[in-house]
Amino acid sequence: MPQGYLQTGQKACYDASGAVISCPGSAQDGELRKGLPLPEPRFAIQGELVHDRLSGLVWTKNANLAEFPLTWQEALDYIAQLNADHAFGQADWRLPNRREMRSLLHFETRKPALPPEHPFENVFLNWYWTSTTAAINPAYAWYVHLEGARMFYGHKEQYYLFWPVRGGENTVLPATGQRDCFDATGVKIPCAGSGQDPEHQTGFSWPQPRFEVEGDTVVDRLTGLRWLRQASLSSAPVSWPRAFELIRDLNESSAFTWRLPNINELESLVDCSCFDPALPQQHPFAEVQEVYWSATTSYFEPDWAWALYMVKGATGVGVKSGESFHVWPLTDA
């Protein structure tokens, strides 16, 4: 059973022009559907709260309690006041970390990119803060866009939305790896009382050691996935269709059945305390590249596909026909 990453929700397959195609034999995300399966029904309404039966997290039904965008610190302060007031009968609300916020995303919906049966209200097609600082620049924090599921980072003094969460003691989500806390100017501060990701440290702990080298492959003991140790199949970026061709060629001479990872599998590699690359320190991989294709099509624009920006740790998209990104195969260990 996979752990540490969720199915994306994608069920259809698409060619490079964005047209829907038959999935069998495509090796796309929509065919393989790797990751923890999504329960049905996924959500249980509990008055003004919603329990996510997949992650174990409890969210406010209202996705915009503050009504207006706030800075990152204002969002943290707002949640601290929720706890002081025992809002909804609870005093353990927090700003979700980036993996908790991403756990709500569904990659075959848009406007919003949430599961089609979601019961939430006042969902805005905008950026939502997370409690996770961007390691590449600690004056910035990660946020997720609910229009199309992108994840990037913004300056902590900018104004965006936020969505309180609680619970998840037995969550299937791994910790982000972030260990230090930073104020809005990027200065390191004590974590106690900050409300930031490293104070709460939600998510299950990483195994030590996390990676095991086995010949030309590396097993990630966090997810149970086996990656090629050489982190690119080509010396130069390739198009999305070419990525699948390279993996088919690799499979003709390999003892393993390799595939292109979906976007959640790629994101599972990220250590949020690191950048350039956003991988755990002392990782065993060779020739790590800047951006990698995933097998997940962008539902917002199906002639584009999802990619992981390994320098930053961000998730974004690229046009499938462009020779833009690299290919990093994996298989189930």
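**View A. The β7–β8 hairpin in this predicted model.** Strands β7 and β8 make a hairpin, with 5 residues sitting between them. Look in the turn for A149, which has a positive phi of about 90°. The pairing itself is antiparallel: β7 (residues 140-145) and β8 (residues 151-155) are held together over 5 bridges. One spot to check is Y143, whose bridge partner in β8 is F152.

**View B. An open sheet of 4 strands.** Read across the sheet and you get the order β12-β13-β14-β18, with antiparallel pairing. β12 (211-214) and β18 (330-332) are at the edges with a single partner strand each, so one side of each has no neighbour in the sheet. Neighbouring strands here are turned against each other by 30° on average, direction ignored. Zooming in on the β12 edge, 4 bridges join β12 to the antiparallel strand β13 (residues 217-220). Among the paired residues is E214, whose bridge partner in β13 is T217.

**View C. The largest nonpolar core.** This one has 66 residues, and W163, L260 and W328 have the most contacts inside it. Helix α5 (residues 240-251) gives the most to this core, chipping in 6 residues. A second, separate core of 19 residues includes L76, L82, Y160 and F162.

**View D. Who touches W328?** Leaving out residues up to four places away in sequence, W328 touches W227, L228, Q230, A231, P261, L269, L279, F285, Y292 and M310. As for the bigger picture, nonpolar side chains tend to be buried together in soluble globular proteins.

Methods:
Residues numbered from 1 in each chain as written. Predicted model: local features only at pLDDT ≥ 70, side-chain atom pairs only at ≥ 80, totals over all residues. Heavy atoms only, no water. Pairing = 2+ DSSP bridges. Helix = DSSP H or I, 4+ residues; strand = E, 2+ residues; numbered from the N terminus. Axes fitted to C-alpha atoms, helices over the stretch in contact; angles between N-to-C directions. Core = buried A, V, L, I, M, F, W, Y, C linked by side-chain atoms within 4.5 Å. Buried < 20%, exposed > 50% of the residue type's maximum accessible area, 1.4 Å probe, protein only. Contact = heavy atoms within 4.5 Å.
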